[in-house]
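Okay, thanks everyone, I'll keep this short. Have a look at the model on the screen, and then I'll walk you through one contact in it.

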Amino acid sequence: MTGPWEKDPQFEGRRQAARDRLQEIEAKTGKDSDARDAFFNAVYEQAEGDAAAVPWADLAPKEQLIQWLDANGGLDLSALDIACGLGDNAEALAAAGYRTTAFDLAEDAIAWARKRFPDSKVDYRRANLFHPPEEWFGAFDVVNECYTLQALPPEMLEQTAAAIAGFVAPDGRLLVYTRTRPDGTFIDGPPWPLEEGSLRMFERYGFAKESETPFTIDRSDGVIPHSFAVWRKF
Ligand SMILES: C[S@@+](CC[C@H](N)C(=O)[O-])C[C@H]1O[C@@H](n2cnc3c(N)ncnc32)[C@H](O)[C@@H]1O
């Protein structure tokens with residue numbers, strides 16, 4: 001993947017410093033819903049416009065999403081990007097032809113995404129996953145979820161999955177991009193990679209799995225197992 005890493009030799013150093021600093025903050029603060037909200041708001045605010053300080057910001061859409069979009073253009077379909085951060089995945093959905101809405105809890109993330117993509121066709125909105133506009137229920141042909149399920153405490157996993165699943169229209173698709181861990185293993189997050197088997201929870205919300213691609217991301221601090229899965233709503 002090309003990105004700021006190539007153009008800005010100091011980027012990786014600042015990214016690692018941010019990871020270390022944020023890990024310390026996360027170790028000291030609570031892991032409940034309010035603490036996580038405060039944490040995410042603080043990350044974007046304290047970054048002061050430096051994307052290196054937002055650890056999950058690749059400044060590029062995810063490769064697996066791009067591959068899926070290459071084969072599944074939007075025509076006149078609608079898409080929702082969950083917890084969109086700085087907007088790269090939302091922009092990819094819009095570029096593939098989807099009428100795209102993207103939202104995040106953090107006002108600063110939404111302002112930043114709008115600033116990065118001033119001519120964007122994406123409707124960027126500040127919204128909370130757990131208190132969304134009513135008209136979003138069952139309204140989207142494609143819902144893209146990337147790294148939100150793993151970012152909230154395991155006690156909230158069912159609630160988070162239910163909220164995400166609720167946006168998908170009948171016969172729509174739900175795309176889920178997440179870190180994974182073997183079933184039955186404990187993890188002291190955040191983040192909390194999903195147990196491989198737990199992704200099947202979407203079956204309880206009326207979805208059938210269309211495809212799943214396990215893959216790894218190699219980073220200087222280790223090899224990180226991931227999954228990209230596509231679910232179809234009945
Ligand atoms: C790990 S980041 C992933 C961001 C983006 N999806 C990406 O892949 O770059 C998790 C995002 O979820 C957002 N978030 C956390 N809780 C949320 C909630 N209840 N409603 C909306 N967004 C939320 C955070 O502000 C943050 O941008």
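So, start with Lys-31 and Asp-188: their side chains form a salt bridge, with 3.1 Å from N to O. Keep in mind that this is a predicted model.

Where does that pair sit in the bigger picture? The chain splits into domain 1, residues 4-53, and domain 2, residues 63-233. Between domain 1 and domain 2 the salt bridge count is one. On top of that count, if you ask about polar contacts between the two domains, you get three residue pairs, with both residues at pLDDT 80 or more.

Now, which helices does domain 1 use to touch domain 2? Helix 2, that's 11-28, and helix 3, 33-47, each put in at least two residues. Helix 3 has the largest share on that side of domain 1, with eight residues. By character, the domain 1 side has nine charged residues, four nonpolar and three polar.

Okay, on to the overall numbers. The centres of the two domains, over C-alpha atoms, are 20 Å apart. Domain 1 brings 16 residues to the contact, and domain 2 brings 20. Together they bury about 1400 Å², and 62% of that is on carbon and sulfur atoms.

And who carries the area on the domain 1 side? Lys-31 is back here: along with Arg-36 and Tyr-44, it supplies 44% of what domain 1 buries against domain 2, and no other three residues supply more. So to recap Lys-31: it's in the salt bridge with Asp-188, and it's one of that top trio for buried area.

Conventions:
Residues numbered from 1 in each chain as written. Predicted model: local features only at pLDDT ≥ 70, side-chain atom pairs only at ≥ 80, totals over all residues. Heavy atoms only, no water. Domains from an automatic or database assignment. Contact = heavy atoms within 4.5 Å. Buried area = accessible area lost by both parts, 1.4 Å probe. Salt bridge = Lys/Arg side-chain N within 4 Å of Asp/Glu carboxyl O. Polar contact = N/O pair within 3.5 Å; in protein donor to acceptor, adjacent residues only side chain to side chain. Helix = DSSP H or I, 4+ residues; strand = E, 2+ residues; numbered from the N terminus. Nonpolar A, V, L, I, M, F, W, Y, C, P; charged D, E, K, R; others polar.
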